[in-house]
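Hello,

Here is the structure I promised to pass on to you. Please open it first, and then read my notes below alongside it.

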Amino acid sequence: MSNTASAEIHRLRNAPDSPHNPGIAFDPEPVSGIRVNLSAVERRAATLPKRRTVKKEWQAAWLVKALQCIDLTTLSGDDTEGRVRRLAAKARQPLRADMVEALDLPRPVTVAAVCVYHRFIETAKDALAGSGIPVAAVSAAFPAGLAPFSTRLAEIKASVDAGADEIDVVITREHVLTGNWQALYDEVRAFRQACGPAHMKTILGTGDLQTLRNVGRASWVAMMAGTDFIKTSTGKEGVNATLPVALIMVRAIRAYREMTGHIVGFKPAGGIATAKDAMTFQFVMKEELGNDWLQPGLFRIGASSLLSDIERQLEYFLTGRYASFDHHAMA
């Protein structure tokens, strides 16, 4: 890899981390004032992947950056401790040592976090001990978010007590669909308090919210309530992360920062399975929010199979040949 491309990796890798978002008092004015030009958003989403492309060593640099922003995730009903430990081993060393050397990468190269159910927090913490990789736990009755409120709060607190560094909570979609923004604010604010020192990502379940305007409004309310990240999806909805949704959410992040000075991160999740998909979301971050958001303190990609495709693309860059997927097994 050229010295210039290596310098690009170093620059992207060392942008400042995001502080906690303290939130603000609920203000209905920016929420009610949100408008969405649907045709303009769809046109922007359709043209963005075609307008910006990177090739060769520059593509490799962007893919390494994408790898470092992955929340490596297993959220299946048949998860086991063995699977979580294998996933943690992959998180510690997502690329083979020979590839790291050939790419001339700064070490260690790891993913951003490992995301699991509460049941496997202690297993993941043990398997990742000493690596510096945080453990994220899905909570608040993931994925539907329809358990009693006290149960959801107790689950968040239990996950923090078990050692989770980050908590991915889910909102009550009914609050959005009925326009009960105060109830949504109060819910997310309570989740924020229950998270204590843990960073909180708020999953909006955008595939269930019906309109992009609702996505924008829910994003604003979650940020006012103090979430550190807004996240698109659980990965269990019929429609998950899409470019139009991403545009609405990152523009809400930009507007919130302009109004309050507070910084919030963004996490697309669900259906992001190819290196090309990952780079498209990176381009959204760069063009809408700037280079500072191209690092794991402010940008995460919730994924499982994505890592395998990034490995294949990087191996093709190095060798000129594509390996089979089982050559880069996840677990």
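**Overall shape**

With 331 residues, a compact globule would have a radius of gyration near 20 Å, and the protein chain agrees with that at 19 Å. Please keep in mind that this is a predicted model. Along its principal axes, the C-alpha trace spans about 55 × 45 × 35 Å. The secondary structure comes to 14 helices and eight strands.

A few whole-chain numbers may be handy for your set-up. Of the 331 residues, 55% count as buried. The protein chain exposes about 13400 Å², and carbon and sulfur atoms supply 50% of that area. Among contacts with a separation of 6 or more, 78% are between residues 24 or more positions apart. As for charge, there are 39 positive and 35 negative charges, and their mean positions are 4 Å apart.

**An aromatic pair and its surroundings**

The structure holds five aromatic pairs. One of them joins Phe26 and Tyr185: the ring centres are 5.5 Å apart and the planes meet at 50°, which makes the pair tilted. Phe26 lies in the loop between helix 1 (3-13) and helix 2 (28-32), while Tyr185 belongs to helix 10 (residues 181-195), so the pair ties together parts that are 159 residues apart in sequence. How covered are the two partners? Tyr185 is buried, with a relative accessible area of 9%, whereas Phe26 counts as partly exposed at 21% relative accessibility.

Helix 10 also holds Trp181, which is buried, with a relative accessible area of 11%. Leaving aside residues up to four places away in sequence, Trp181 touches Phe26, Val31, Val176, Asn214, Arg217, Ala218 and Val221. Ser159 makes a nice contrast to those contacts: Trp181 and Ser159 are 22 residues apart in sequence and 27 Å apart in space, C-alpha to C-alpha.

From Trp181 you can step across to Asn214, which is found in helix 11 (residues 212-224). Which residues does Asn214 touch, not counting residues up to four places away in sequence? They are Val176, Leu177, Trp181 and Leu209. Asn214 counts as buried because its relative accessibility is 12%, and the cut-off for that label is under 20%. Val176 is thus a contact of Asn214 and also of Trp181.

**Backbone points to check**

Most residues other than glycine have a negative phi, and most peptide bonds are trans. With that in mind, here are some places to look at.

- A cis peptide bond joins Phe142 and Pro143, with omega about 0°. Pro143 lies in the loop between strand 3 (135-139) and helix 8 (149-161).
- Ala141 is found in the loop between strand 3 and helix 8. Its phi is near 65°, a positive value in a residue other than glycine. At 18% relative accessibility, Ala141 counts as buried.
- Gln210 has a phi near 75°, again positive in a residue other than glycine. Gln210 sits in the loop between strand 5 (199-203) and helix 11, and counts as exposed at 69% relative accessibility.

So where would you find the cis peptide bond? Look between Phe142 and Pro143, and while you are there, glance at Ala141 in the loop between strand 3 and helix 8.

Happy browsing, and do write back with any questions.

Best wishes

Note on methods. Residues are numbered from 1 along each chain as its sequence is written. This is a predicted model: local features need pLDDT of at least 70, side-chain atom pairs count only at pLDDT 80 or more; totals for chains, interfaces and linings use all residues. Side-chain values use heavy atoms; hydrogens and water are left out. Helices (H or I, at least four residues) and strands (E, at least two) are DSSP runs, numbered from the N terminus. Buried means under 20% relative accessible area, exposed over 50%, partly exposed in between (1.4 Å probe, protein chains only). Contact means heavy atoms within 4.5 Å. The radius of gyration is taken over C-alpha atoms; the globule rule is 2.2 Å times the number of residues to the power 0.38. Accessible areas come from the Shrake-Rupley method with a 1.4 Å probe; for residues, only the protein chains shown count as cover. Lys and Arg count as positive and Asp and Glu as negative; His and the chain ends are not counted. The place of a charge is taken as NZ of Lys, CZ of Arg, CG of Asp or CD of Glu. Rings of Phe, Tyr and Trp (its six-membered ring) pair if their centres lie within 6.5 Å; planes under 30 degrees apart count as stacked, over 60 as edge-to-face and the rest as tilted.
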